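Let's take a walk through this fold, looking at how the helices pack and how the strands line up. Pull up the model and follow along.

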Amino acid sequence: MQPITSLSNYQSILEQYSRTGVQTNNFLLADQVEELLLKGRLYYIIVGNNLVLLVDRIISYQVYFHLNDLQTPCTIQADKPLKMEMVYRGEFKRPIALLNYWEQQGFKTHLTRDNLALVNHQQLAVKALNEDITIKFATTAEEAIYTTTLFEKDLDTYTGDLKTYEEILAYVKNMQILCAYEGEKLCGALQFEWKQKVCWLGHIVVEEGFRGKGIANQMVEKYIEINKQSDQTRYQLWVIKDNKPAVDLYKRFGFTYAGKSTVSMLYLN
């Protein structure tokens with residue numbers, strides 16, 4: 001495993017392995033490269049005609065690949081667990097050949113997520129709100145700590161895209177965290193952000209013990225309401241395919257499958 005030291009170094013390596021017919025998930029990495037280089041967290045491995053890129057995500061390495069030869073084994077020696085994600089278009093078009101290849105290298109299929117989307121004028125009405133619940137922007141360090149801890153406790157350790165306290169604090173400063181209160185008690189949080197004119201719902205968690213009270217409904221409704229710019233405002237999110245309560249929650253508001261899914265794989269050494 002060798003470090004990538006500069007943008008030109010990265011581009012030179014990539015050019016050698018971006019051949020016609022290459023199987024890759026590297027487009028997921030493209031907009032992060034410069035930041036990762038500054039932090040010294042980008043590495044590579046070459047195995048025959050195949051290239052593997054590794055991003056140090058602190059608790060694990062995220063794997064990006066350029067595979068030109070599915071017959072050549074690609075064993076990755078690393079001191080942390082490995083994770084990867086592959087995006088595919090169409091609900092029933094899983095990348096079977098790639099999944100089989102990486103299973104032969106010791107990876108196991110983990111989670112499948114679907115991309116759901118909503119345009120504001122398609123929003124459906126949801127039943128009356130729980131008047132005991134208040135949804136408001138997070139503004140304090142206490143709310144940032146609560147949100148960080150809540151997400152860490154509830155989301156998948158390796159593929160949940162967990163945020164550090166510093167990242168959550170930045171979202172708070174940008175008014176991109178909603179907190180739910182029952183009376184004076186914090187009981188849930190939702191994080192969102194704008195990317196390319198789409199308002200993405202990143203994470204939503206309701207504290208265990210407060211579930212079943214419609215709190216998630218109210219947070220999602222607030223998220224849609226405060227970000228509406230016009231009837232054409234677009235919202236998107238990723239949801240675990242077999243998480244029926246979450247899928248049903250979003251469908252109640254009018255979210256529909258946007259034609260993309262992603263499957264994650266893990267290698268826990």
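Start with the pair formed by helix α6 (residues 215-227) and helix α7 (residues 244-252): their axes come within 10 Å and cross at roughly 45°. An angle of that kind falls outside the under-35 range that counts as roughly parallel, so α6 is oblique to α7. The crossing of these two helices is right-handed. If you want to click on the residues involved, pick Ala216, Asn217 and Val220 on the α6 side, then Leu249, Tyr250 and Arg252 on the α7 side. Sorted by class, the α6 contact with α7 comes out as 4 nonpolar, 1 polar and 1 charged residues. Keep in mind that this is a predicted model.

Helix α6 also has a job in the chain's path between strands. Coming out of strand β11 (residues 198-206), the two strands to watch are β11 and β12, which pair in the parallel sense over 4 bridges. Within that pairing, Leu201 sits opposite Leu237 in β12. To get from β11 to β12 the chain goes through α6, and this β-α-β crossover is right-handed.

What else does β12 pair with? Strand β12 (residues 234-240) is joined by 7 bridges to strand β7 (residues 108-119), and those two run antiparallel. A handy marker here is Arg113, which stands opposite Ile240 in β12.

Stay on Arg113 for a moment, as this residue also has a bridge partner in β13, namely Thr262. That takes us to the pairing of β7 with β13, again antiparallel and again built from 7 bridges. Strand β13 (residues 256-267) pairs with strand β6 (residues 82-89) too, in the antiparallel sense over 8 bridges. In that pairing, look for Tyr88 opposite Ser261 in β13. Stepping from strand to strand, then, you can go from β11 to β12, on to β7, across to β13 and finally to β6.

Now for another helix pair. Helix α4 (residues 141-154) and helix α5 (residues 165-173) pack at an angle of about 130°, with their axes 9 Å apart. Are they oblique or roughly antiparallel? Only angles over 145 count as roughly antiparallel, and α4 and α5 are therefore oblique to each other. In passing α5, α4 makes a right-handed crossing. From α4, the contact takes in Ala141, Ala144, Ile145, Thr147, Thr148 and Phe151, and α5 answers with Tyr165, Ile168, Leu169 and Val172. By class, that makes 8 nonpolar, 2 polar and no charged residues.

Definitions and conventions:
Residues numbered from 1 in each chain as written. Predicted model: local features only at pLDDT ≥ 70, side-chain atom pairs only at ≥ 80, totals over all residues. Heavy atoms only, no water. Axes fitted to C-alpha atoms, helices over the stretch in contact; angles between N-to-C directions. Parallel < 35°, antiparallel > 145°, perpendicular 65-115°, else oblique. Left-handed = near helix turned anticlockwise from the far one by under 90°. Contact = heavy atoms within 4.5 Å. Nonpolar A, V, L, I, M, F, W, Y, C, P; charged D, E, K, R; others polar. Pairing = 2+ DSSP bridges. Right-handed = clockwise from strand over helix to strand, strands pointing away.
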